[in-house]
Amino acid sequence: MNEIEAPVPVGKLVAPLARQLAETMATEVGACVRPLAVRRTDTTTGATTVVPIPCGTTRASKCPSCADRARKLRVWQAREGWHLTEEPRIQTAEPTQEQMALIGYRADLEAARAAALEADDRHQVIELDRAIDDCETLLRGEGIRGSLPRRHPDDDKPRRRVRSTRRRQDVPDLPRRRVSARTTGRTFEGKDGRTFQPSTFLTLTMPSYGRVHGDGTPVDPNRYDYRRAARDAIHFGLLIDRFWQNLRRACGWNVQYFATVEPQRRGAPHLHAAIRGTIPRALLRQVAAATYHQVWWPQHDQPVYSADALPIWDETRPEPCYVDPTTGEPLRTFDEALDDIDDDPDLPPAHVVRLGTQVDVQGVLGDSDKAGECLGYLVKYLTKSIDECHTAETDRQAVHVERFVQALRYEPCSERCANWLLYGVQPEGAKAGLIPGRCKGKAHKPEHLGYAGRRCLVSRKWSGKNLTEHRTDRRDHVLRALGAVGITPRQATEDDPGDRYVWTPIRPTDPDQPDRVELLMRSISERRRWREQYERARAELPATETRGEVA
């Protein structure tokens, strides 16, 4: 008979669990609270060691330490490119012999594929496509950026649909200038002879969907336009892309930006952006008012089918498809529905997304306290998912969020969304088992609130480096600081060849899975040692040589 535990007296504190204590300690020292286990094999001695590595998440709810490091890296990236006085230089390394050999091999495969197509040898084409995939994997492993064309000129190509570029009559016209290659801002000379080169901090919002209270909830929920709010959130990313395009054409130079997307209290997405250089406030507001995105999809205002009588998947047809549950007639394909739009030039777009009238513009100097405040505000919510930015504190707020999520549930999020079946259209790549309201797209998930794009948007010439290169710069900076005071990390010995170690991830099904608490304790010890070494290096070096934190 099991022994009955005595009840804990009211008011008595219970000691924390060992794992909870370890996770708290890990958070305090900046170690990952859920490290991944990797097996390191020394090719020289044959010895194997299990090494904990950070999980690398950007969400504080999963790992506060990794999320905070990712946030600091984004701050570093934003600061590096915001107030540049010279054009960023993007240096391309000379190709290696291995890269040149792989490109030659890829060219031979392309020629062989073209010959197989001319001979109508489909089996050989399939085999060559697999070889091309393997070759491109090797190219990416060698550090090659971009991709090579995958289609032969004689392959069947999808017909490119061309829409009219005529501007809508209900938006103001914009000046259109030839865009120069310049990315840095103008300089201004003050009365005392000093030269200033300010930059811009911009905030864009979405239009009103109905009057709201201070907590973001609608004054009249029945009149609040949840459908329009849901559609605007789904297509917000495309609208922002169009805004940057219009801004560059109106300004006449290659505007560079570092922007983040976060929700307002009402749930609508809005954008904060650090822009290099200055742009007249009137022009920014003019561009915002003139920016729109037209969604040329089949009309989806009135559902054709209900949840009780949905289209049925018919496997008996030569080409299986969804059919009407009553007549058995196949539904229009997505391409056929788009053809109907092309045939009717007077048909309006399914939806038009516009920005709101609230446009906040601030001028910022690079060496001012305001620049640091703006950077902190820019990355304030990057460690949270969109739904975590504003927590519902009242029942009214919770009901508002629930109604918004419910409106998103049945809105089509892409050409492949299962919700198209409600409107009598087969989604692209239709297959059995599609159920409207159960699309797995990110836009339908409550944690995304309709916006499925990237939270951090950075232009290509912001700093001349990508995020990986900035991460490497931070690591090299720390290693230089340690080396200057005679500290050499064990992973940074110069006499070890780069291919000495082989790293293999330990899968969850691996029988040699290490103990998670032990792995966490090793991660804490390693992080504390690194922190102590770096703090000692900072104390011994001038402040100008120890900029940054441990990467």
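Contact here means heavy atoms within 4.5 Å. Helices (H or I, at least four residues) and strands (E, at least two) are DSSP runs, numbered from the N terminus. The model is predicted: local features need pLDDT of at least 70, side-chain atom pairs count only at pLDDT 80 or more, and totals for chains, interfaces and linings use all residues. Residues are numbered from 1 along each chain as its sequence is written, and side-chain values use heavy atoms, with hydrogens and water left out.

**Stop 1: α5 and α10**

Select residues 226-234, helix α5, and residues 395-409, helix α10. From α5, Tyr-226, Ala-229, Ala-230, Ala-233 and Ile-234 meet His-400, Arg-403, Phe-404, Ala-407 and Leu-408 of α10. Sorted by class, this contact has eight nonpolar, one polar and one charged residues (Ala, Val, Leu, Ile, Met, Phe, Trp, Tyr, Cys and Pro count as nonpolar, Asp, Glu, Lys and Arg as charged, and the others, Gly among them, as polar). The axes, which are lines fitted to C-alpha atoms over the stretch in contact, come within 9 Å and cross at roughly 70°. Angles run from 0 to 180 degrees between N-to-C directions, and 65 to 115 degrees counts as roughly perpendicular; α5 and α10 are therefore roughly perpendicular to each other.

**Stop 2: α2 and α11**

Next, select residues 64-82 (α2) and 467-484 (α11), whose axes are 10 Å apart and pack at an angle of about 100°. This pair is therefore roughly perpendicular as well. Show the side chains of Lys-72, Leu-73, Arg-74, Trp-76, Gln-77 and Glu-80 on α2, and of Leu-467, His-470, Arg-471 and Arg-474 on α11; these residues make the contact. The classes are three nonpolar, two polar and five charged residues.

**Stop 3: strand β6**

Now select residues 257-263, strand β6. Is β6 buried or exposed? Seven of its seven residues are buried (under 20% relative accessible area, 1.4 Å probe, protein chains only), so β6 is largely enclosed by the rest of the structure. In a regular strand the side chains alternate between the two faces of the sheet. On one side of β6 lie Tyr-257, Ala-259, Val-261 and Pro-263, and on the other Phe-258, Thr-260 and Glu-262.

**Stop 4: the neighbours of β6**

Add residues 269-275, strand β7, which runs antiparallel to β6 and is joined to it by seven bridges (two strands pair if DSSP finds at least two bridges between them). Val-261 has Leu-271 of β7 as its bridge partner. Five residues lie between the strands of this hairpin, where Gly-267 takes a positive phi near 100°. Finally, add residues 456-458, strand β15, also antiparallel to β6, with three bridges. There, Cys-456 is the bridge partner of Thr-260.

Definitions and conventions:
Angles under 35 degrees count as roughly parallel, over 145 as roughly antiparallel, 65 to 115 as roughly perpendicular and the rest as oblique. Buried means under 20% relative accessible area, exposed over 50%, partly exposed in between (1.4 Å probe, protein chains only).
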